[in-house]
Amino acid sequence: MFLNVNNLGPIRHGKVDLAKPLTVLTGPNHGGKTYLSTAIYALWSTLAYPSGLVSVTDRLLSAPDGRLRLSEFQPKFVAALEEHVAQVVARLPQTFAAPDGYFKETTLSLSGGDDWAQRSGRSTLAYIFHRENPFGVEFTADYGSDELRVSERKLQQRKLPHIEVADSGFPSTLTADQRSEVVQRGAHAIWRLVEPPFLRGACYFVPAERASLHLFAGELARGRFDLVENAALAASSGPLFDRKTLDETSIYPAPIRDALLREIGPHRARKHGQFEDLAAELEAGALFGQVRPSERGSVAFFFHSAPAQPVPFHLVASVVKSLASIVMLLRNDARIGDLLIIDEPELNLHPKTQRAVVRVLAKAVNRGLKIILSTHSDFVVRELSQLVMLSSERKTVRDAAETIGVSQESALSADKLGVYIVGAGDVRPVPVSERGFGAETLEDEIVRVNRDGELIYQALDE
């Protein structure tokens, strides 16, 4: 599935394949890379089930056997996705914290891919409803038999984690309130079952401003308590802040605002991520210590050589400030199927560290984490290209990988990458093959600096 972009900041036109596990955006400054990645973030992070699916759920519950043809509703799901894209465009001023009218000529659309005829398999979601008499409901999308099904699930001895499918069909004895709840939650379940695969999972944005986010996280956390206290005093006069209000009043673009909220959130102390080992690898190979959240909402760093002595974040090296957000996301949040967008992963990093970071991120991609990188670094681009070349099955290439010290867990097959040069008003795809790829805007400048150096040496020798 492609995202088509027109008149988005400096980008006049272009498209990006959202289905690629790893997307690389490179090109000159002011080309529009951050505009593009922010638009993708808005498209991904705000996706919610459309209200139109309530009617689908209602029809499903009314069907005598609890079954409907899945393909019958494909146009409705497509229309729902188009509605979502239109809402993303309408809210671009809030997403970018830009003046009204700034994106009045911007258009976004989706095209190609996600052919339902090519989908296969079966997906199931089950909900347990807690009433006086708890009951379970199961929704199934079966592409093999072209069926959308609903059925009851019996609870075994009222132990909610242990449920089994009942022999009978969906109960017809639901009260009006029960049916309403099933319809609403069922619409959400159906959307999760049939939503485009390329938009599944959570989305996290690591902005170029990430070093500052950590420095001010403690102050922001203290300010948060004042905000909550003041809001509590006004609670009697109306509802408290919701996400829409936050969008409309924030002075920061959505990726920065959300990253700020993530850094001061109490969930930082919990571990839900599926890539903790990769976080530890970054800490061991690049930071030589551990990044940990504090109870006060800030971040602390502990050297491996002094694990009991926290180092205040304003005293740590820039490499720690640059990588802390990535480490904490891998450890605490990111799961298979999620999207991680990183703006300039090379910030403040020595070339050796840049290459090490790329290898860790490649492992994450191979394990199911989707990543979008925006970079100006020739070291990042070349390392990715070499990881593509190292995916070859040839023994000579495998021997070369062993000599270099690159694990096959970091090797990337060419079909996993989408590489684009963003600049001059365009988003231009770069061919990727088993021999890797190149980014001419970086390579051309390297040729120029080498040529200029030769000229200077000649002048000195004359």
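**Entry 1: a loop residue**

Is Ala97 buried, partly exposed or exposed? I looked it up in this predicted model. At 35% relative accessibility, Ala97 counts as partly exposed, because the middle class runs between under 20% for buried and over 50% for exposed. I found Ala97 in the loop between α4 (92-96) and β5 (107-111). Its backbone caught my eye too: phi of Ala97 is near 55°, a positive value in a residue other than glycine.

I then noted Phe288, where phi is near 60°, again positive in a residue that is not glycine. Phe288 sits in the loop between α10 (276-287) and β11 (289-293).

**Entry 2: cavities**

Next I went looking for enclosed space. Rolling a probe the size of a water molecule over the atoms shows where empty space is left. How many cavities of 30 Å³ or more are there? I count 2.

The largest cavity has a volume of about 60 Å³. Among the residues that line the largest cavity I wrote down Val16, Asp17, Trp44, Leu339 and Ile372. Which elements each supply at least two residues of this lining? They are β2 (11-17), α1 (33-45) and β15 (370-374). The largest share, 3 residues, comes from β15. I sorted the lining by class and got 8 nonpolar, 1 polar and 3 charged residues.

The second largest cavity has a volume of about 40 Å³. Its lining includes Pro345, Glu346, Gln354, Leu373 and Val380. Here helix α12 (residues 351-366) gives the largest share, with 4 residues. By class, I noted 7 nonpolar, 1 polar and 1 charged residues around the second largest cavity.

**Entry 3: salt bridges**

On to charges. Side chains of opposite charge can pair when their charged atoms come close. My search of the whole structure gave 19 salt bridges. I followed up a few of them.

Glu147 and Arg149 meet through their side chains in a salt bridge, at 2.7 Å from N to O. Arg149 is buried, with a relative accessible area of 15%. I also saw that this pair belongs to a network of salt bridges that links Arg67, Asp142, Glu147 and Arg149.

Then I turned to Glu409, which forms a salt bridge with Lys363. The closest N and O atoms of Glu409 and Lys363 are 3.9 Å apart, and the cut-off is within 4 Å. Why does this pair tie together parts that are 46 residues apart in sequence? Glu409 lies in the loop between α14 (395-404) and β16 (417-423), while Lys363 is in helix α12, so the salt bridge joins these two parts. I checked both for cover: Glu409 counts as exposed at 51% relative accessibility, whereas Lys363 counts as buried at 11%.

My last pair was Asp378 and Arg382, whose side chains meet in a salt bridge at 2.9 Å, N to O. Asp378 and Arg382 are separated by about one helical turn, because they are 4 residues apart in helix α13 (residues 378-389). Asp378 counts as buried at 16% relative accessibility, and Arg382 is partly exposed, with a relative accessible area of 46%.

**Entry 4: apart in sequence, then in space**

I compared two kinds of distance here. Ala42 is found in helix α1 and counts as buried at 5% relative accessibility. How far is Ala42 from Val85 in sequence and in space? I get 43 residues in sequence and 9.3 Å from C-alpha to C-alpha.

I did the exercise again with Glu434, in the loop between β17 (426-430) and α15. Glu434 is exposed, with a relative accessible area of 51%. Glu434 and Ser391 are 43 residues apart in sequence, and their C-alpha atoms are 7.7 Å apart in space.

**Entry 5: a surface patch**

Which residues form a nonpolar patch on the surface? I found Ile456, Tyr457 and Leu460, with about 390 Å² of accessible area together. I looked more closely at Ile456, which lies in helix α15 (residues 440-461). With a relative accessible area of 53%, Ile456 is exposed, because that class begins over 50%.

Methods: Residues numbered from 1 in each chain as written. Predicted model: local features only at pLDDT ≥ 70, side-chain atom pairs only at ≥ 80, totals over all residues. Heavy atoms only, no water. Patch = residues over 30% accessible without salt bridge, like charges linked within 9 Å, V, L, I, M, F, W, Y side chains within 5 Å. Areas by Shrake-Rupley, 256 points an atom, 1.4 Å probe, with all protein chains shown as cover. Buried < 20%, exposed > 50% of the residue type's maximum accessible area, 1.4 Å probe, protein only. 1 Å grid on protein atoms, 1.4 Å probe; cavity = no way out; pocket = protein on both sides within 12 Å on 5 of 7 lines; lining within 4 Å. Points joined across faces, edges and corners; volume = space filled by probe spheres on them. Nonpolar A, V, L, I, M, F, W, Y, C, P; charged D, E, K, R; others polar.
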